[in-house]
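Trainee: I'm new to this structure and would love a close look at a single part of it. Could you pick one and walk me through it slowly?

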Amino acid sequence: MDSKNFSTPVSVTSVQVTDDFWKREMELVRTQVIPYQWEALNDRVENAAPSYCMHNFKCAAKLNRDKEQMGEAFQAPVYTYRGFEVLPDDPKHPDDKFYGFVFQDSDFYKWVEAVAYSLAQHPDEQLEKIADGAIDIVCAAQQEDGYLNTYYILNGKDQIFTNLRDHHELYCLGHLLEGAVAYYQATGKRKLLDAACRYADFVADYFGEEEGKCKGYPGHEIAEMALIRLYEVTGEEKYLKLGLFFINERGTRPYYFDREHPEDIRNKPEDMRYEYHQAHVPVREQDEAVGHAVRGVYLYSAMADAAKITGDESLYRACEKLWENVTEKKMYITGGVGGTHIGEAFSYNYDLPNDTAYAETCASIGLVFWARRMLEIRPDSRYGDVLERALYNGVLSGMALDGKSFFYVNPLEVYPEACHKDERKFHVKPLRQKWFGCACCPPNLARLISSVSSYAYTEQEDTLFVHLYMGSCIRKTVNGKEVKVCVESGLPWNGRVKIQVSAGNVPFTLALRIPQWGRNYTIKGAKNYVQNTKDGYLYLTGEWKEAGEILLDFPMEVQIMRANPLVRENAGKAAVVRGPLVYCMEGADNGENLHLLTLDCHGDCETETLRIQDTTVVSVHAKGYRQIPDEGSALYCPVDKIVKEPAQLCFVPYYVWANRGENEMTVWVRQEM
């Protein structure tokens with residue numbers, strides 16, 4: 001690990017996104033998703049699962065007011081376990097109690113983080129006013145000692161931090177820190193940040209390696225990377241120290257979670273447990289991704305942060321081993337991770353079922369987090385390729401084109417009747433849902449899309465790394481002079497990119513990622529600069545004059561892909577990819593029984609535009625065949641009885657599927673042999 005390679009993300013406040021594709025997604029989040037989610041957090045979306053998020057904060061604030069007014073007569077709630085999720089008897093008239101999941105607070109923190117990034121790109125006085133009012137409500141719920149978690153405030157603080165494995169207190173802390181930092185950076189307002197620091201101070205006094213402090217760590221990771229981010233903003237070493245403690249303590253023996261849950265110890269005390277929580281062995285000894293996929297990629301993101309900030313080679317080597325395992329043995333072609341709904345988890349190597357996939361939207365989002373952090377340590381196109389694949393496919397598929405419904409699970413094959421009648425597939429939905437009681441994915445989507453520019457670029461003092469080709473303008477200072485870089489991009493529909501650099505003759509390097517799908521690119525305008533290629537990046541170095549211009553043209557050829565033969569579910573099947581987009585077939589274009597279609601992998605493919613809702617996409621048309629079912633035949637018959645006819649297959653980008661009603665879908669299609 002060479003610190004000379006380290007880079008940092010470009011702040012969202014330093015980038016103005018102009019990209020046709022991403023600007024549309026960001027505007028959709030700003031104008032539709034953020035307002036819609038605010039209504040959902042306040043339980044005002046008809047026929048949607050209630051959130052109770054803001055209800056809980058208001059009730060906690062009321063409890064504080066009652067305590068102030070009643071003085072010594074006030075009796076604090078004594079802890080009573082009411083369930084991992086608790087719902088009111090009368091949903092329209094809930095009591096002043098906690099409702100929802102134990103982690104319900106985090107939905108607001110993710111929402112306010114999305115608001116922050118949106119305000120950085122598009123100032124909105126009314127939205128900021130709503131957010132400020134909501135922050136007032138949240139801060140009013142905070143306890144005098146700094147503690148801020150409505151589940152325990154309302155159910156009884158006498159049992160705080162007694163169930164770290166299951167009750168998500170530190171998970172909620174992590175999202176609070178992320179949201180507070182983002183809102184401060186976007187608006188300069190400190191109220192939520194100060195509240196977050198007070199809670200982080202409380203936690204730092206409670207946990208740590210010092211004698212007498214609790215040696216526990218989060219059951220659901222995210223606090224680790226959030227504490228590191230808080231350290232980077234405040235400069236307070238105790239936040240970094242606490243984040244590192246949580247990482248280093250994880251998985252050590254004796255297991256901390258055994259102390260919390262002695263009744264759950266299986267077999268002998270020395271047996272390995274807690275794979276679900278990535279707490280089975282210390283993090284530096286982990287070389288296979290196991291357990292809950294979202295928790296895993298959040299942990300690996302924090303490990304990469306910690307490796308970079310401390311220069312810890314052993315931690316970085318663990319990150320690389322885990323990256324190789326995830327991306328080469330446990331990742332769907334869409335950038336989805338998590339092969340089984342049992343535990344929302346990574347399955348065993350090469351187990352990537354299509355019709356029972358979990359591939360949670362949040363897991364792809366976490367993979368994007370991790371990929372960028374690996375890029376910060378070392379610019380290598382294999383990280384950028386995965387970042388791009390997950391972002392355009394596994395992430396965007398989680399939201400409808402109108403921004404009003406969402407997928408939690410992102411399968412690669414759907415037969416709607418099976419989703420309705422086969423309990424093994426009940427977790428797979430053929431249509432996006434308005435909201436979820438466990439609503440981690442929609443606000444997570446909003447915060448990522450609103451901050452997408454921070455994943456497109458990282459920077460060193462005299463170098464700008466372009467990881468995603470996104471229309472935008474960036475300003476940075478090099479040797480006391482302002483450098484302006486403007487990008488125009490046709491992605492994901494065409495591969496033409498124009499980059500203009502105005503640098504006033506200052507020495508400057510532009511590092512351009514060459515995507516795996518675009519290795520046969522052409523470039524113009526680079527002759528005046530020293531060119532060097534390394535790890536999939538083209539480095540252009542020189543004294544850039546005013547309006548120096550680089551023209552890139554990446555071929556957008558249709559690629560027919562196969563899976564590793566060890567992926568049993570895809571044996572004899574192929575998938576269609578064009579540029580950064582993975583494609584799929586839908587019944588809306590191809591009729592019923594997609595399993596009877598085969599693809600001619602050696603035939604020519606054509607592209608044409610297609611309108612889905614109000615969005616124009618590029619579809620792919622390929623030659624194939626349709627098997628003609630003999631309705632009167634026996635259940636089994638000789639192969640020579642199979643009859644087929646030529647068919648024109650239509651593929652659409654995977655992220656737009658299920659925007660035309662309920663129908664079949666498949667990414668992988670049988671090859672014509």
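Mentor: Happy to! Let's begin with a term we will need: a crossing of two helices is left-handed if the near helix is turned anticlockwise from the far one by less than a right angle, and right-handed if clockwise. Please keep in mind that this is a predicted model.

Now find helix α13, residues 361-377, and helix α16, residues 441-450. Their axes come within 9 Å and cross at roughly 30°. Angles under 35 degrees count as roughly parallel, so α13 and α16 are roughly parallel to each other. As for handedness, α13 passes α16 in a left-handed crossing. The residues that meet there are Thr361, Cys362, Ile365, Val368 and Phe369 on the α13 side, with Cys441, Asn444, Leu445, Arg447 and Leu448 on the α16 side. Sorted by class, this contact has 7 nonpolar, 2 polar and 1 charged residues.

From α16 you can follow the chain a little further to strand β6, residues 457-460, and strand β7, residues 463-466. These strands pair in the antiparallel sense over 4 bridges, and one pair to look for is threonine 458 with its bridge partner in β7, phenylalanine 465. In general, strands of a sheet pair through backbone hydrogen bonds, either parallel or antiparallel. Both β6 and β7 belong to an open sheet of 6 strands, with the order β1-β6-β7-β11-β14-β13 and mixed pairing. The edge strands are β1 (8-9) and β13 (530-534), each of which pairs on one side only.

For a further example of strand pairing, look at strand β21, residues 615-628. It runs antiparallel to strand β20, residues 605-612, and 8 bridges join the two. Leucine 610 stands opposite valine 617 here. The hairpin of β20 and β21 has 2 residues between the strands, and glutamine 613 takes a positive phi near 50° in that hairpin. Strand β22, residues 643-653, is also antiparallel to β21, with 9 bridges joining them; here glycine 624 of β21 faces alanine 647 of β22. Strand β19, residues 597-599, is joined to β21 by 3 bridges, again antiparallel, and leucine 597 has arginine 626 in β21 as its bridge partner. As you trace these strands, remember that in a regular strand the side chains alternate between the two faces of the sheet.

Terms used. Residues are numbered from 1 along each chain as its sequence is written. This is a predicted model: local features need pLDDT of at least 70, side-chain atom pairs count only at pLDDT 80 or more; totals for chains, interfaces and linings use all residues. Side-chain values use heavy atoms; hydrogens and water are left out. Axes are lines fitted to C-alpha atoms, for helices over the stretch in contact, and angles run from 0 to 180 degrees between N-to-C directions. Angles under 35 degrees count as roughly parallel, over 145 as roughly antiparallel, 65 to 115 as roughly perpendicular and the rest as oblique. Contact means heavy atoms within 4.5 Å. Ala, Val, Leu, Ile, Met, Phe, Trp, Tyr, Cys and Pro count as nonpolar, Asp, Glu, Lys and Arg as charged, and the others, Gly among them, as polar. Two strands pair if DSSP finds at least two bridges between them.
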